[in-house]
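Me: Please take a close look at the enclosed space in this model for me. I would like to know what lines any such space and how that ties in with the rest of the chain.

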Amino acid sequence: MGRRPHKVRTWSAVAMAAVVTLSGGTASAATPTPVTAGPLVCQGPVIRCVQDARRTLEGIRDRLGCDHRAPFPAIYVHLERSLETAVAHGEPFDEPSWLAGSLNTGFVNLYLDAYEADRAGRPVPAAWHAAFAAARTADVNAGQDVLLGANAHIQRDMPYVLAALGLTRPGGGTRKPDYDRFQAVLDRAYGPAVRDVADRYDLIVALADDRWNPIAGLTAGQLFRSWRAQAWEHARQLVDAPDQAARDRVARRIETNAAQWARLLSAVRVPGYRTVRDDYCRTHTGPVPAGSPLR
């Protein structure tokens, strides 16, 4: 990595990040409640933090089996693998302890919080509610499940984590270059993630394989770049807000934007496609393992 990171303590700041929670699927930014911290705490070398995140996501993916919530943690595993490789090979980040340590751990924790809250029947943000509801009941394909999860995680969760951790380095200077460099990590994860989801869950996702359909990879890359740029801008607005009322307005924009995207992404449905997916997955992944925590 070029230099050994200092001991990283991540989540205490991120636990304070959520300036909004949802009640009954409706944003209530005027009465913010902190999101509880997830199980991951980054203390030590950042590569170990990334490995802990990857193993946690692998566990969720494997326990979910053919449940339609599984494609999202499945692609998240590939992202963590790509980040792990980047850290191990000394990717030239200005502040690896922030990017691969604090930001990555805090970001994963917000997904874990939403996943566990949904399992427990507690309210979750509207964008996450739409993603989980589609996975449970809708005739959508696995690519839509992935995009619904990615939308909720990037457009809804990311601004709060960024704002909590700060957009500038302790010694001054913006963290935006490292944030932008992370796109290369995402780009490298794209192909393996698409192929894995197609192999495990839904053959139609193979249509997005960039080995023979480069337009799909380009389009996905542009979409994620747009979402990540919007997340940074929303984080900047949170940080710059002069008072709680202004922060509440930004929070409402974040929630509304992510919820609108969720409605768009889940709009296309093919009657009976759940059965097609389930039959395919059972022959490639197998049934949900015994003792699975699924509801």
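Reply: **Enclosed space and its surroundings**

Read from the N terminus, the elements of the chain follow the order α-β-β-α-α-α-α-α-α-α-α-α. That makes ten helices and two strands, both taken as DSSP runs numbered from the N terminus (H or I over at least four residues for a helix, E over at least two for a strand). The model is predicted, so to be used a local feature needs pLDDT of at least 70 and a side-chain atom pair needs pLDDT 80 or more, while totals for chains, interfaces and linings use all residues. Residues are numbered from 1 along each chain as its sequence is written, and side-chain values use heavy atoms, with hydrogens and water left out.

Let's start with the cavities. On a 1 Å grid over the protein atoms alone, a cavity is a set of points where a 1.4 Å probe fits but cannot get out, a pocket is an open set with protein on both sides within 12 Å along at least five of seven lines, and a lining residue has an atom within 4 Å of a point. Points are joined across faces, edges and corners, and a volume is the space filled by probe spheres set on them. On that basis there are two cavities of 30 Å³ or more.

The largest cavity holds about 90 Å³ of space. Around it sit His-68, Arg-69, Phe-72, Pro-73, Tyr-111, Trp-128, Ala-131, Phe-132, Ala-135, Asp-145, Leu-148 and Gly-149. Helices H3 (71-88), H5 (126-137) and H6 (142-165) each supply at least two residues of this lining, and H5 gives the most, with four residues. By class the lining has eight nonpolar, two polar and two charged residues; here Ala, Val, Leu, Ile, Met, Phe, Trp, Tyr, Cys and Pro are nonpolar, Asp, Glu, Lys and Arg are charged, and the others, Gly among them, are polar.

The second largest cavity contains about 30 Å³. Its lining is made of Cys-66, Asp-67, His-68, Tyr-201, Arg-277, Asp-278 and Cys-281, which divide into three nonpolar, one polar and three charged residues. His-68 thus appears in the linings of both cavities.

Two of those lining residues lead to the disulfides, meaning pairs of cysteine sulfur atoms within 2.5 Å. Cys-66 is joined to Cys-281, with an S to S distance of 2.2 Å, and this link is left-handed, at -95° about the S-S bond. Cys-66 belongs to the loop between helix H2 (46-64) and H3, whereas Cys-281 is in helix H10 (residues 273-284), so the pair ties together parts that are 215 residues apart in sequence. Both Cys-66 and Cys-281 are buried (buried is under 20% relative accessible area, exposed over 50%, partly exposed in between, with a 1.4 Å probe and protein chains only). The whole structure has two disulfides; the other joins Cys-42 to Cys-49 at 1.9 Å from S to S. This second link is right-handed, with 85° about the S-S bond, and Cys-42 and Cys-49 are both buried.

What surrounds the cavities? Tyr-111 and Trp-128, from the lining of the largest cavity, are among the residues with the most contacts inside the largest nonpolar core, which has 72 residues; Tyr-76, Leu-103 and Leu-162 complete that group. Such a core is a set of buried Ala, Val, Leu, Ile, Met, Phe, Trp, Tyr and Cys residues joined through side-chain atoms within 4.5 Å. Helix H4 (96-119) is one of the elements that give two or more residues to the core, and H4 also has the largest share, twelve residues. Leaving aside residues up to four places away in sequence, Leu-162 touches Trp-98, Leu-103, Leu-167, Tyr-179, Ala-231, Trp-232 and Ala-235, a contact being heavy atoms within 4.5 Å.

For comparison, here is the open space. The largest pocket has a volume of about 980 Å³. It is lined by 41 residues, with Val-146, Leu-147, Tyr-190, Ala-220 and Phe-224 closest to its centre. H3, H4, H6, H7 and H8 each give two or more residues to this lining, and H7 has the largest share, at ten. The pocket lining counts 28 nonpolar, nine polar and four charged residues.

As for the chain as a whole, 53% of its 295 residues count as buried.
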